[in-house]
Amino acid sequence: MELVAKRFNELSLDEYHEHLKLRCAVFLVEQQSPYQEVDDADKEAIHLYFRNDEGALAAYARVLPAGVTHPTASIGRVIAVERGCGAGRRIMEEAIRVAQQELDADVITIEAQAYAQGFYEKLGFVRTSDEFDDGGIMHVEMKLTR
């Protein structure tokens, strides 16, 4: 799998449509969580994704500069299409690298689904909030400091 990293204005309409289709399928339909999935933060994001050997999306994440959704750089909309094969870890490692190298981030904030807290802790994130409801799913804020 090869990483693709593009800013909003570099994405083709087909790429952006494919990302939104996957995000809506997972976050709205699968997780039955009604919230505003498409937002203006997409325009500020670096969109990262892997494709599998057949060319289908395997993993996706967006990296946001400080001040867009949090005072620090942030990572969100993290999806691994096939769970348990390492794609989620790989996309997060790349998202952290992009935030640190391209956005010069010393602190990265995420809003993790509470059940996935352990996954993010293995990547170095530390919980920084109580649990909160976001679209009917419990989340926690977590930070990674360089």
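Is Arg77 buried or exposed in this predicted model? The legends below take up this residue and several other sites.

**View 1. Arg77, a strand residue with a positive phi.** Arg77 lies in strand E4. Its relative accessibility is 17%, and it therefore counts as buried, the limit being under 20%. The phi of Arg77 is near 55 degrees, a positive value in a residue other than glycine. By way of background, most residues other than glycine have a negative phi.

**View 2. Ser74 and its surroundings in strand E4.** Ser74 is another residue of E4. With a relative accessibility of 2%, Ser74 counts as buried. A polar contact of 3.0 Å links the side chain of Ser74 to that of Thr69. When neighbours within four places in sequence are left aside, the contacts of Ser74 are Arg62, Val63, Leu64, Thr69, Ile108 and Thr109.

**View 3. The largest nonpolar core.** This core holds 28 residues, of which Val63, Ile75, Ile96, Ile108, Tyr120 and Phe125 touch the most other members. Two or more residues are contributed by each of strand E2 (46-51), strand E3 (57-64), strand E4 (73-80), helix H2 (87-102), E5 and E8. H2 supplies the largest share, seven residues. In soluble globular proteins, nonpolar side chains tend to be buried together. Around Ile108, leaving aside neighbours within four places in sequence, the residues in contact are Thr72, Ala73, Ser74, Ile75, Ile96, Ala99, Gln100, Phe125, Met142, Lys143 and Leu144. A second, separate core has ten residues, including Tyr16, Leu20, Tyr49 and Tyr60.

**View 4. Tyr16 of the second core and its partner Asp42.** Tyr16 is placed in helix H1 (residues 13-30). Tyr16 counts as buried because its relative accessibility is 16%. The side chains of Tyr16 and Asp42 are joined by a polar contact of 2.7 Å. These two residues are 26 residues apart along the chain, and their C-alpha atoms are separated by 9.6 Å. Not counting residues up to four places away in sequence, Tyr16 touches Phe8, Leu11, Val38, Asp42 and His47.

**View 5. Helix H2 and the loop residue Asp104.** From its first C-alpha to its last, the 16-residue helix H2 reaches 21 Å, close to the 22 Å expected at 1.5 Å a residue. Its buried residues are Ala87, Gly88, Ile91, Met92, Ala95, Ile96, Val98, Ala99 and Gln100. An α-helix has 3.6 residues a turn, so residues three or four places apart point the same way. Asp104 follows H2 and is located in the loop between H2 and E5. Asp104 is not a glycine, yet has a positive phi of about 55 degrees. At 58% relative accessibility, Asp104 counts as exposed.

**View 6. Strand E8 and its antiparallel partners.** Strand E8 (residues 137-145) runs antiparallel to strand E5 (residues 107-113), and seven bridges join the two. Within this pairing, Thr109 stands opposite Lys143. Strand E6 (residues 126-127) is also antiparallel to E8, with two bridges, and Val126 has Lys143 as its bridge partner. Three bridges connect E8 with strand E7 (residues 132-134), again in an antiparallel arrangement. One of the residues of E8, Ile137, is the bridge partner of Asp134. E7 and E8 form a hairpin with two residues between them, and Gly135 in the turn has a positive phi of about 65 degrees.

**View 7. The aromatic cluster of Phe119, Tyr120 and Phe125.** The whole structure contains three aromatic pairs. Phe119 and Tyr120 form an edge-to-face pair, at 4.9 Å centre to centre and with 80 degrees between the planes. The ring centres of Tyr120 and Phe125 are 6.1 Å apart and the planes lie at 85 degrees, so this pair is edge-to-face. Phe119, at 31% relative accessibility, counts as partly exposed. Tyr120 counts as buried at 11%, and Phe125 counts as buried at 2%. Together, Phe119, Tyr120 and Phe125 make up one aromatic cluster.

Technical notes:
Residues are numbered from 1 along each chain as its sequence is written. This is a predicted model: local features need pLDDT of at least 70, side-chain atom pairs count only at pLDDT 80 or more; totals for chains, interfaces and linings use all residues. Side-chain values use heavy atoms; hydrogens and water are left out. Helices (H or I, at least four residues) and strands (E, at least two) are DSSP runs, numbered from the N terminus. Buried means under 20% relative accessible area, exposed over 50%, partly exposed in between (1.4 Å probe, protein chains only). Contact means heavy atoms within 4.5 Å. A polar contact is a pair of N or O atoms within 3.5 Å; within protein, one must be able to donate a hydrogen and the other to accept it, and residues adjacent in sequence count only if both atoms are side-chain atoms. Two strands pair if DSSP finds at least two bridges between them. A nonpolar core is a set of buried Ala, Val, Leu, Ile, Met, Phe, Trp, Tyr and Cys residues joined through side-chain atoms within 4.5 Å. The expected span of a helix is 1.5 Å times one less than its number of residues. Rings of Phe, Tyr and Trp (its six-membered ring) pair if their centres lie within 6.5 Å; planes under 30 degrees apart count as stacked, over 60 as edge-to-face and the rest as tilted.
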